[in-house]
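Please walk me through the fold shown here, beginning with how its helices lie against its sheet and then moving on to the aromatic side chains and their surroundings.

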Amino acid sequence: MTALGTAYELRSFLRRNGSRSVGSALAVAECLRTIVPSDCLALSVWDPVLGRHRALASSYPAPLTTFLDESMHTDPLFGTVKTTGVPTRVRDLPVRLRRGDIFDLVIGPSGFRDGVTQCLYGPDGRYVGMLNASTLDSRHPDDDTVALLALLGPELGAALDPVPPPEAATARLDDGITDGMLVAPDGRVLPLSARPHVELVGSAALTAAIARVRGPVRHLLVHRDATYALEMYRARSGVVVLHREVAPPAGLTVRELQVLAALADGSSNGEIAGALGVGARTVATHVEHVLAKTGCRNRADAAATAAAWGLLV
(Lines give C-alpha, C1' and ligand atoms only; values in the text may rest on other atoms or scores of the structure.)
Protein backbone atom coordinates (compact mmCIF):
# COMPACT_ATOMS: atom_id res chain seq x y z
CA MET A 1 0.00 0.00 0.00
CA THR A 2 1.25 3.50 -0.80
CA ALA A 3 1.97 6.07 1.92
CA LEU A 4 -1.14 7.99 0.84
CA GLY A 5 -3.29 4.87 1.07
CA THR A 6 -1.87 4.11 4.51
CA ALA A 7 -2.62 7.68 5.61
CA TYR A 8 -6.28 7.30 4.66
CA GLU A 9 -6.46 3.91 6.38
CA LEU A 10 -4.92 5.49 9.47
CA ARG A 11 -7.45 8.33 9.45
CA SER A 12 -10.26 5.78 9.49
CA PHE A 13 -8.58 3.83 12.30
CA LEU A 14 -8.14 6.97 14.40
CA ARG A 15 -11.75 7.98 13.96
CA ARG A 16 -12.88 4.54 15.11
CA ASN A 17 -10.38 3.79 17.86
CA GLY A 18 -8.32 6.84 18.86
CA SER A 19 -4.74 6.34 20.02
CA ARG A 20 -4.63 7.01 23.76
CA SER A 21 -4.43 3.33 24.73
CA VAL A 22 -1.06 1.62 24.42
CA GLY A 23 -2.41 -0.97 21.99
CA SER A 24 -3.96 1.63 19.71
CA ALA A 25 -0.87 3.85 19.93
CA LEU A 26 1.41 0.98 18.90
CA ALA A 27 -0.81 0.25 15.90
CA VAL A 28 -0.83 3.94 14.98
CA ALA A 29 2.96 4.15 15.33
CA GLU A 30 3.35 1.14 13.06
CA CYS A 31 1.25 2.83 10.38
CA LEU A 32 3.14 6.08 10.85
CA ARG A 33 6.44 4.34 10.11
CA THR A 34 5.06 3.54 6.66
CA ILE A 35 4.08 7.16 6.16
CA VAL A 36 7.19 8.65 7.81
CA PRO A 37 10.39 6.80 6.81
CA SER A 38 12.41 7.01 10.02
CA ASP A 39 14.83 5.21 12.29
CA CYS A 40 13.06 6.27 15.49
CA LEU A 41 9.50 7.42 16.04
CA ALA A 42 7.45 8.38 19.10
CA LEU A 43 3.86 9.39 19.70
CA SER A 44 3.43 11.26 22.99
CA VAL A 45 0.49 12.68 24.90
CA TRP A 46 0.73 15.85 27.00
CA ASP A 47 -0.16 15.55 30.70
CA PRO A 48 -1.28 19.03 31.84
CA VAL A 49 -1.35 17.99 35.51
CA LEU A 50 2.25 16.74 35.62
CA GLY A 51 3.40 19.31 33.05
CA ARG A 52 5.22 16.76 30.90
CA HIS A 53 4.74 14.37 28.00
CA ARG A 54 4.13 10.64 28.21
CA ALA A 55 5.18 8.42 25.33
CA LEU A 56 2.36 6.14 24.23
CA ALA A 57 4.62 4.44 21.69
CA SER A 58 8.34 4.98 21.10
CA SER A 59 11.13 3.27 19.22
CA TYR A 60 13.75 5.71 20.55
CA PRO A 61 16.28 4.34 23.05
CA ALA A 62 15.03 4.62 26.63
CA PRO A 63 17.21 7.66 27.55
CA LEU A 64 15.93 9.59 24.53
CA THR A 65 12.32 8.64 25.26
CA THR A 66 12.85 9.98 28.78
CA PHE A 67 14.15 13.23 27.33
CA LEU A 68 11.10 13.52 25.06
CA ASP A 69 8.82 12.88 28.04
CA GLU A 70 10.45 15.01 30.70
CA SER A 71 12.57 17.69 29.09
CA MET A 72 11.79 18.41 25.46
CA HIS A 73 8.98 20.85 26.29
CA THR A 74 11.41 23.03 28.27
CA ASP A 75 13.70 23.62 25.29
CA PRO A 76 13.04 27.04 23.65
CA LEU A 77 13.31 25.34 20.27
CA PHE A 78 10.27 23.23 21.09
CA GLY A 79 8.33 26.41 21.89
CA THR A 80 9.28 27.76 18.47
CA VAL A 81 8.10 24.60 16.72
CA LYS A 82 4.90 24.55 18.75
CA THR A 83 3.90 28.03 17.59
CA THR A 84 4.17 27.09 13.90
CA GLY A 85 1.27 24.65 14.07
CA VAL A 86 2.73 22.58 11.21
CA PRO A 87 5.06 19.56 10.97
CA THR A 88 8.60 20.97 11.19
CA ARG A 89 11.74 19.23 9.94
CA VAL A 90 15.25 19.87 11.15
CA ARG A 91 16.14 21.18 7.71
CA ASP A 92 13.24 23.66 7.93
CA LEU A 93 14.85 25.39 10.93
CA PRO A 94 17.13 28.39 10.39
CA VAL A 95 20.75 27.49 11.14
CA ARG A 96 20.80 29.95 14.06
CA LEU A 97 18.10 27.89 15.81
CA ARG A 98 19.85 24.53 15.49
CA ARG A 99 21.20 24.45 19.00
CA GLY A 100 20.10 23.67 22.56
CA ASP A 101 19.31 20.42 24.34
CA ILE A 102 17.37 18.88 21.46
CA PHE A 103 20.48 19.09 19.30
CA ASP A 104 23.06 18.54 22.05
CA LEU A 105 21.39 15.56 23.74
CA VAL A 106 19.34 13.91 20.99
CA ILE A 107 20.15 14.82 17.40
CA GLY A 108 23.94 15.22 17.62
CA PRO A 109 24.90 12.21 19.80
CA SER A 110 22.53 9.90 17.90
CA GLY A 111 23.84 10.92 14.47
CA PHE A 112 20.40 11.88 13.20
CA ARG A 113 20.62 13.77 9.90
CA ASP A 114 17.03 14.97 9.84
CA GLY A 115 13.64 14.44 11.45
CA VAL A 116 10.26 15.99 12.04
CA THR A 117 8.28 17.20 15.05
CA GLN A 118 4.54 17.72 14.81
CA CYS A 119 2.62 19.33 17.67
CA LEU A 120 -0.94 18.05 17.93
CA TYR A 121 -4.05 19.91 19.03
CA GLY A 122 -7.59 19.02 20.07
CA PRO A 123 -10.60 20.28 18.11
CA ASP A 124 -10.82 23.34 20.39
CA GLY A 125 -7.15 24.28 19.91
CA ARG A 126 -5.70 22.81 23.14
CA TYR A 127 -2.23 21.30 22.86
CA VAL A 128 -2.59 17.53 23.44
CA GLY A 129 0.66 15.89 22.35
CA MET A 130 3.33 15.46 19.70
CA LEU A 131 4.79 13.19 17.08
CA ASN A 132 8.55 12.92 16.72
CA ALA A 133 10.45 11.03 14.04
CA SER A 134 14.21 11.01 13.45
CA THR A 135 16.25 9.62 10.59
CA LEU A 136 19.89 8.87 9.77
CA ASP A 137 19.11 9.59 6.09
CA SER A 138 19.13 13.29 5.22
CA ARG A 139 16.71 12.66 2.34
CA HIS A 140 13.85 12.02 4.73
CA PRO A 141 11.27 13.13 5.63
CA ASP A 142 10.49 14.56 2.19
CA ASP A 143 7.84 17.11 1.23
CA ASP A 144 5.21 14.42 0.56
CA THR A 145 5.69 13.08 4.09
CA VAL A 146 5.19 16.53 5.58
CA ALA A 147 2.00 16.96 3.51
CA LEU A 148 0.64 13.61 4.73
CA LEU A 149 1.37 14.50 8.35
CA ALA A 150 -0.44 17.79 7.90
CA LEU A 151 -3.39 15.80 6.51
CA LEU A 152 -3.37 13.48 9.54
CA GLY A 153 -2.80 16.21 12.15
CA PRO A 154 -6.45 16.90 13.08
CA GLU A 155 -7.23 13.18 13.45
CA LEU A 156 -4.08 12.51 15.49
CA GLY A 157 -4.88 15.45 17.76
CA ALA A 158 -8.50 14.41 18.24
CA ALA A 159 -7.39 10.83 18.97
CA LEU A 160 -5.01 12.01 21.71
CA ASP A 161 -7.52 14.44 23.23
CA PRO A 162 -8.97 13.15 26.54
CA VAL A 163 -12.07 15.31 26.04
CA PRO A 164 -14.67 13.30 24.10
CA PRO A 165 -16.13 15.11 21.10
CA PRO A 166 -19.62 16.49 21.69
CA GLU A 167 -22.39 14.29 20.39
CA ALA A 168 -24.25 15.84 17.49
CA ALA A 169 -27.69 16.92 18.63
CA THR A 170 -29.20 15.19 15.60
CA ALA A 171 -27.95 11.85 16.98
CA ARG A 172 -31.11 11.88 19.12
CA LEU A 173 -33.19 11.43 15.97
CA ASP A 174 -32.44 7.71 16.35
CA ASP A 175 -33.90 7.41 19.87
CA GLY A 176 -37.41 6.66 18.62
CA ILE A 177 -39.05 9.62 20.39
CA THR A 178 -37.33 12.67 18.88
CA ASP A 179 -38.22 14.06 15.47
CA GLY A 180 -36.64 16.93 13.61
CA MET A 181 -36.77 19.31 10.71
CA LEU A 182 -34.61 21.96 9.11
CA VAL A 183 -36.26 25.34 8.59
CA ALA A 184 -34.52 27.04 5.68
CA PRO A 185 -34.11 30.84 5.53
CA ASP A 186 -36.87 31.02 2.90
CA GLY A 187 -39.29 29.20 5.23
CA ARG A 188 -39.11 25.80 3.54
CA VAL A 189 -39.27 22.88 5.99
CA LEU A 190 -37.07 19.88 5.25
CA PRO A 191 -37.81 16.68 7.25
CA LEU A 192 -34.92 15.16 9.21
CA SER A 193 -36.93 12.19 10.51
CA ALA A 194 -39.86 10.04 9.44
CA ARG A 195 -42.65 11.94 11.23
CA PRO A 196 -41.69 15.53 11.99
CA HIS A 197 -44.50 17.79 13.19
CA VAL A 198 -44.09 20.34 10.43
CA GLU A 199 -47.34 21.99 11.51
CA LEU A 200 -45.50 23.40 14.53
CA VAL A 201 -43.73 25.87 12.24
CA GLY A 202 -47.14 27.41 11.54
CA SER A 203 -47.21 28.64 15.12
CA ALA A 204 -46.53 32.37 15.23
CA ALA A 205 -44.68 31.95 18.53
CA LEU A 206 -42.33 29.30 17.10
CA THR A 207 -41.78 31.23 13.88
CA ALA A 208 -40.70 34.24 15.93
CA ALA A 209 -38.45 32.07 18.12
CA ILE A 210 -36.78 30.53 15.05
CA ALA A 211 -35.97 33.99 13.73
CA ARG A 212 -34.17 34.77 17.01
CA VAL A 213 -32.04 31.61 17.11
CA ARG A 214 -28.30 32.24 17.24
CA GLY A 215 -26.86 29.59 19.54
CA PRO A 216 -28.55 26.41 20.87
CA VAL A 217 -31.82 27.16 22.69
CA ARG A 218 -34.51 25.05 24.38
CA HIS A 219 -38.21 25.79 24.49
CA LEU A 220 -41.40 24.25 25.77
CA LEU A 221 -44.07 24.70 23.09
CA VAL A 222 -47.81 24.36 23.66
CA HIS A 223 -49.50 23.65 20.34
CA ARG A 224 -53.19 22.83 20.27
CA ASP A 225 -53.69 20.13 22.92
CA ALA A 226 -50.09 18.90 23.12
CA THR A 227 -46.82 20.01 24.69
CA TYR A 228 -43.46 19.66 22.93
CA ALA A 229 -39.89 19.94 24.18
CA LEU A 230 -37.89 21.76 21.52
CA GLU A 231 -34.16 22.14 20.94
CA MET A 232 -33.12 24.51 18.20
CA TYR A 233 -29.77 25.62 16.83
CA ARG A 234 -28.58 27.43 13.75
CA ALA A 235 -26.85 25.48 10.99
CA ARG A 236 -25.34 26.81 7.78
CA SER A 237 -28.46 25.93 5.83
CA GLY A 238 -31.08 27.10 8.33
CA VAL A 239 -32.37 26.30 11.83
CA VAL A 240 -32.54 22.72 13.08
CA VAL A 241 -35.67 22.09 15.17
CA LEU A 242 -35.64 18.88 17.23
CA HIS A 243 -38.89 18.11 19.04
CA ARG A 244 -40.63 15.44 21.06
CA GLU A 245 -44.02 15.37 22.73
CA VAL A 246 -43.80 15.55 26.52
CA ALA A 247 -46.14 15.73 29.48
CA PRO A 248 -46.77 19.28 30.74
CA PRO A 249 -44.38 20.10 33.61
CA ALA A 250 -45.40 20.45 37.26
CA GLY A 251 -48.68 18.64 36.64
CA LEU A 252 -50.10 21.61 34.77
CA THR A 253 -52.79 21.21 32.15
CA VAL A 254 -52.41 22.61 28.65
CA ARG A 255 -54.91 25.35 29.56
CA GLU A 256 -52.89 26.24 32.66
CA LEU A 257 -49.75 26.48 30.52
CA GLN A 258 -51.61 28.89 28.26
CA VAL A 259 -52.51 30.99 31.29
CA LEU A 260 -48.91 30.84 32.54
CA ALA A 261 -47.63 32.09 29.18
CA ALA A 262 -50.11 34.97 29.31
CA LEU A 263 -48.98 35.81 32.85
CA ALA A 264 -45.41 35.95 31.60
CA ASP A 265 -46.51 38.47 28.97
CA GLY A 266 -47.95 40.70 31.72
CA SER A 267 -51.59 40.16 30.79
CA SER A 268 -54.30 40.85 33.35
CA ASN A 269 -56.95 38.29 34.22
CA GLY A 270 -59.44 40.17 32.09
CA GLU A 271 -57.11 40.22 29.10
CA ILE A 272 -56.42 36.50 29.51
CA ALA A 273 -60.14 35.77 29.73
CA GLY A 274 -60.76 37.68 26.49
CA ALA A 275 -57.94 35.90 24.66
CA LEU A 276 -59.01 32.44 25.78
CA GLY A 277 -62.76 33.03 25.50
CA VAL A 278 -63.49 32.14 29.12
CA GLY A 279 -64.78 34.02 32.14
CA ALA A 280 -62.58 36.10 34.45
CA ARG A 281 -63.45 33.87 37.43
CA THR A 282 -62.28 30.82 35.47
CA VAL A 283 -59.01 32.58 34.77
CA ALA A 284 -58.60 33.46 38.43
CA THR A 285 -59.01 29.77 39.30
CA HIS A 286 -56.42 28.81 36.68
CA VAL A 287 -54.00 31.37 38.09
CA GLU A 288 -54.44 29.91 41.59
CA HIS A 289 -53.72 26.42 40.24
CA VAL A 290 -50.66 27.60 38.31
CA LEU A 291 -49.18 29.25 41.41
CA ALA A 292 -49.92 26.23 43.60
CA LYS A 293 -48.56 23.62 41.18
CA THR A 294 -45.39 25.51 40.34
CA GLY A 295 -44.73 26.67 43.90
CA CYS A 296 -44.57 30.28 42.74
CA ARG A 297 -45.40 33.01 45.27
CA ASN A 298 -46.84 35.52 42.82
CA ARG A 299 -47.29 36.41 39.16
CA ALA A 300 -43.69 37.68 38.85
CA ASP A 301 -42.40 34.34 40.13
CA ALA A 302 -44.62 32.57 37.62
CA ALA A 303 -43.29 34.75 34.80
CA ALA A 304 -39.73 33.81 35.78
CA THR A 305 -40.67 30.12 35.70
CA ALA A 306 -42.17 30.49 32.23
CA ALA A 307 -38.98 32.20 31.03
CA ALA A 308 -36.82 29.41 32.50
CA TRP A 309 -38.87 26.84 30.60
CA GLY A 310 -38.70 28.88 27.40
CA LEU A 311 -42.49 28.60 27.28
CA LEU A 312 -44.08 29.31 23.92
CA VAL A 313 -47.81 29.17 23.17
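In this predicted model, helix 2 (residues 22-35) lies across strand 1 (40-47), strand 2 and strand 5, and its direction is at about 70° to strand 2. Helix 6 (residues 143-160) also lies across strands, namely strand 1, strand 2, strand 3, strand 4 and strand 5, and it runs at about 30° to strand 4.

The sheet that these helices lie across is an open one, built from five strands in the order 2-1-5-4-3 with antiparallel pairing. Its edges are strand 2 (52-58) and strand 3 (88-89), and because each of them has a single partner strand, one side of each is left without a neighbour in the sheet. Strands of a sheet pair through backbone hydrogen bonds, in either a parallel or an antiparallel sense. For strand 4 (residues 114-121) and strand 5 the sense is antiparallel, and the pairing extends over eight bridges; within it, Thr 117 has Asn 132 of strand 5 as its bridge partner.

A further helix to consider is helix 3 (residues 62-70), in which Leu 64, Thr 65, Phe 67, Leu 68 and Asp 69 are buried. The elements that cover these buried residues include strand 1, strand 2 and strand 5, together with helix 5 (101-110).

Two residues of helix 3, Leu 68 and Asp 69, are also among the residues touched by His 53, which has its place in strand 2. With a relative accessible area of 1%, His 53 is buried, since the cut-off for that class is under 20%. Leaving aside residues up to four places away in sequence, the contacts of His 53 also include Ser 44, Val 45, Trp 46, His 73, Phe 78, Tyr 127 and Met 130. By contrast, Arg 299 is 246 residues from His 53 along the chain, and the C-alpha atoms of the two are separated by 58 Å.

Three of the residues that His 53 touches, Trp 46, Phe 78 and Tyr 127, belong with Tyr 121 to one aromatic cluster. Across the whole structure, a search finds four aromatic pairs. One of them joins Phe 78 and Tyr 127 in an edge-to-face arrangement, with 6.1 Å from centre to centre and 75° between the planes. This pair links distant parts of the chain, given that Phe 78 is in helix 4 (residues 76-84) and Tyr 127 in strand 5 (residues 127-135), 49 residues apart. Phe 78 and Tyr 127 are both buried. Tyr 121 and Tyr 127 form another edge-to-face pair, with their centres 5.7 Å apart and 65° between the planes. In this pair Tyr 127 counts as buried because its relative accessibility is 12%, whereas Tyr 121, at 25%, counts as partly exposed. The ring of Tyr 127 has a charged group over it as well: the charged end of Lys 82 sits there, 4.3 Å from the ring centre.

The last part of the walk concerns a pair of helices. The axes of helix 9 (residues 269-276) and helix 10 (residues 280-294) come within 8 Å and cross at roughly 110°, so helix 9 is roughly perpendicular to helix 10. On the side of helix 9 the residues that meet the other helix are Asn 269, Ile 272 and Ala 273, and in helix 10 their counterparts are Ala 280, Val 283, Ala 284 and Val 287.

Definitions and conventions. Residues numbered from 1 in each chain as written. Predicted model: local features only at pLDDT ≥ 70, side-chain atom pairs only at ≥ 80, totals over all residues. Heavy atoms only, no water. Phe/Tyr/Trp six-rings, centres within 6.5 Å; stacked < 30°, edge-to-face > 60°. Helix = DSSP H or I, 4+ residues; strand = E, 2+ residues; numbered from the N terminus. Buried < 20%, exposed > 50% of the residue type's maximum accessible area, 1.4 Å probe, protein only. Lys NZ or Arg CZ within 6 Å of the ring centre and 35° of its normal. Pairing = 2+ DSSP bridges. Contact = heavy atoms within 4.5 Å. Axes fitted to C-alpha atoms, helices over the stretch in contact; angles between N-to-C directions. Parallel < 35°, antiparallel > 145°, perpendicular 65-115°, else oblique.
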